[in-house]
Amino acid sequence: MANEKPLRKISQAFKELEAAVNSQTAEIEVAPFSSACSLVSPLFGCLGIAFKFAEIDYVAKVHDLAEASKSISTLPVLLDRDIEGDSVRKAGSHSRNLLRVKRGLDMVRVLFEQIIVTKGNSLKDAASKAYAQVFAPHHGWVIRKAVAAGMYALPTKEQLLHKLNEDENSASVQMQNYIAASTPLILYIDKLFHSRKLGVDW
C-alpha cells in the first residue's frame with residue numbers, strides 16, 4: 001500500500017454511489033457497487049486476525065457480485081432474478097452475497113464511527129462494538145469466540161493509520177465521508193430486501 005491512500009479512494013467511490021441513491025430515479029448498478037466494495041477489502045486485512053474470517057468471506061462475496069455485474073445491470077434486478085429462480089436464501093446466491101457484503105460495509109461504518117469518538121491508541125473497543133452490533137447476531141459461538149480472541153491482536157490506531165498512509169486528522173475526514181456516504185446506501189439495500197418481503201436478518 002506504499003503511498004496509496006485507500007481511505008480516499010473508498011470515500012470517493014461511496015460518494016458517487018450516494019449521489020446515485022439520492023438521485024431517486026437511478027437504480028444502483030451492480031458494477032460500480034461491486035467496484036466500490038472491493039476498495040474496502042484491504043481494510044479488513046489491516047485489522048489482522050480478528051477480522052480474517054470477514055475479509056475472506058467479504059472478498060469472495062464481492063467477487064461474486066463483480067462477476068454478476070457482467071450479466072445483471074442493477075441491484076433490484078439482481079434480487080428479482082433470484083426471487084424468480086427461488087434461490088434468494090440459497091448459499092452462494094447473489095442476493096445472499098449482497099446481504100453479506102452490506103453487513104461488511106455496515107461493520108466498517110460503525111468501526112469508523114467508534115474510531116472517531118474513541119480516545120487513545122487502542123482499536124479494541126471500537127472493533128468490539130462494531131463486531132457486536134453488526135456481525136455477532138449472525139455468528140455462532142465458535143466464530144464469536146475466535147473473534148474475541150483475535151481482538152487482542154488488533155493493530156493500534158497509530159499502526160492502522162500508518163498502513164493507510166493517513167494522519168489522525170486526514171483519516172477522520174475520510175472516515176466521516178465514508179460514514180455519510182455509506183449510510184443512505186446501506187438503507188437503500190435494506191429497503192430493497194424489505195420491499196420484496198425478504199427481510200435482512202438471515
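Two residues count as being in contact when heavy atoms of theirs lie within 4.5 Å of each other. Keep that in mind as you look around this structure, which is a predicted model.

**The core**

Start with F33. Which residues does F33 touch, once its neighbours within four places in sequence are set aside? The list reads L17, I28, L65, L75, L98, V101, L105, L185 and I189. Now zoom out to the largest nonpolar core, which has 66 residues. F33 is among the residues with the most contacts inside this core, along with F14, F51 and L105. The helices that each supply at least two residues of the core are α1 (6-22), α2 (30-46), α3 (52-68), α4 (75-84), α5 (94-117), α6 (124-135), α8 (157-163) and α9 (168-195). Which helix gives the most to it? That's α9, with eleven residues. As background, nonpolar side chains in soluble globular proteins tend to be buried together.

**Rings that meet**

Next up are the aromatic side chains. The count comes to eight aromatic pairs. One of them joins F14 and Y178, with 5.1 Å from centre to centre and 75 degrees between the planes, an edge-to-face pair. This pair links distant parts of the chain, as F14 is in helix α1 and Y178 is in helix α9, 164 residues apart. Are these two rings buried or exposed? F14 is buried, with a relative accessible area of 0%, and Y178 is buried too, at 1%.

Another pair is made by F53 and F135. Their ring centres are 6.0 Å apart and their planes sit at 70 degrees, so this pair is edge-to-face. Here again distant parts of the chain are linked: F53 belongs to helix α3 and F135 to helix α6, and 82 residues separate them. F53 is partly exposed at 24% relative accessible area, while F135 is buried at 8%. Ring pairs also tie F51, F53, Y131 and F135 together into a cluster.

**Around Y178**

Let's go back to Y178 and look at what else touches it. From helix α1 comes S11, which is in contact with Q174, N177 and Y178, leaving out residues up to four places away in sequence. From helix α5 comes R109, and with the same kind of neighbours left out, R109 touches Y178, I179, S182, T183 and I186. Both are buried: S11 has 3% relative accessibility, and R109 has 14%.

**Two cysteines without a bond**

How many disulfides does the structure hold? Zero. To see why, look at C37: the closest cysteine sulfur is the one in C46, and at 17 Å it is too far for a bond. Turn it around and the story holds for C46, whose closest cysteine sulfur is in C37, 17 Å away. For comparison, a disulfide needs the two sulfur atoms within 2.5 Å. As for burial, C37 has a relative accessible area of 0% and is buried, and C46 is buried at 4%.

**Helices, loops and a meeting of alanines**

Helices α4 and α5 pack with their axes 8 Å apart, at an angle of about 135 degrees. The two are therefore oblique to each other. On the α4 side, the contact is made by L75, L78, L79 and D82, and on the α5 side by H94, S95 and L98.

The loop between α4 and α5 is where you'll find D86. Its phi is near 55 degrees, a positive value in a residue other than glycine. N165, in the loop between α8 and α9, also has a positive phi, near 55 degrees.

Finally, take A148 in helix α7 (residues 141-150). A148 and A50 are 98 residues apart in sequence, but their C-alpha atoms are 7.3 Å apart in space.

Here is how accessible these last residues are:

| Residue | Relative accessible area | Class |
|---|---|---|
| D86 | 65% | exposed |
| A148 | 41% | partly exposed |
| N165 | 24% | partly exposed |

Key: Residues are numbered from 1 along each chain as its sequence is written. This is a predicted model: local features need pLDDT of at least 70, side-chain atom pairs count only at pLDDT 80 or more; totals for chains, interfaces and linings use all residues. Side-chain values use heavy atoms; hydrogens and water are left out. A nonpolar core is a set of buried Ala, Val, Leu, Ile, Met, Phe, Trp, Tyr and Cys residues joined through side-chain atoms within 4.5 Å. Buried means under 20% relative accessible area, exposed over 50%, partly exposed in between (1.4 Å probe, protein chains only). Helices (H or I, at least four residues) and strands (E, at least two) are DSSP runs, numbered from the N terminus. Rings of Phe, Tyr and Trp (its six-membered ring) pair if their centres lie within 6.5 Å; planes under 30 degrees apart count as stacked, over 60 as edge-to-face and the rest as tilted. Axes are lines fitted to C-alpha atoms, for helices over the stretch in contact, and angles run from 0 to 180 degrees between N-to-C directions. Angles under 35 degrees count as roughly parallel, over 145 as roughly antiparallel, 65 to 115 as roughly perpendicular and the rest as oblique.
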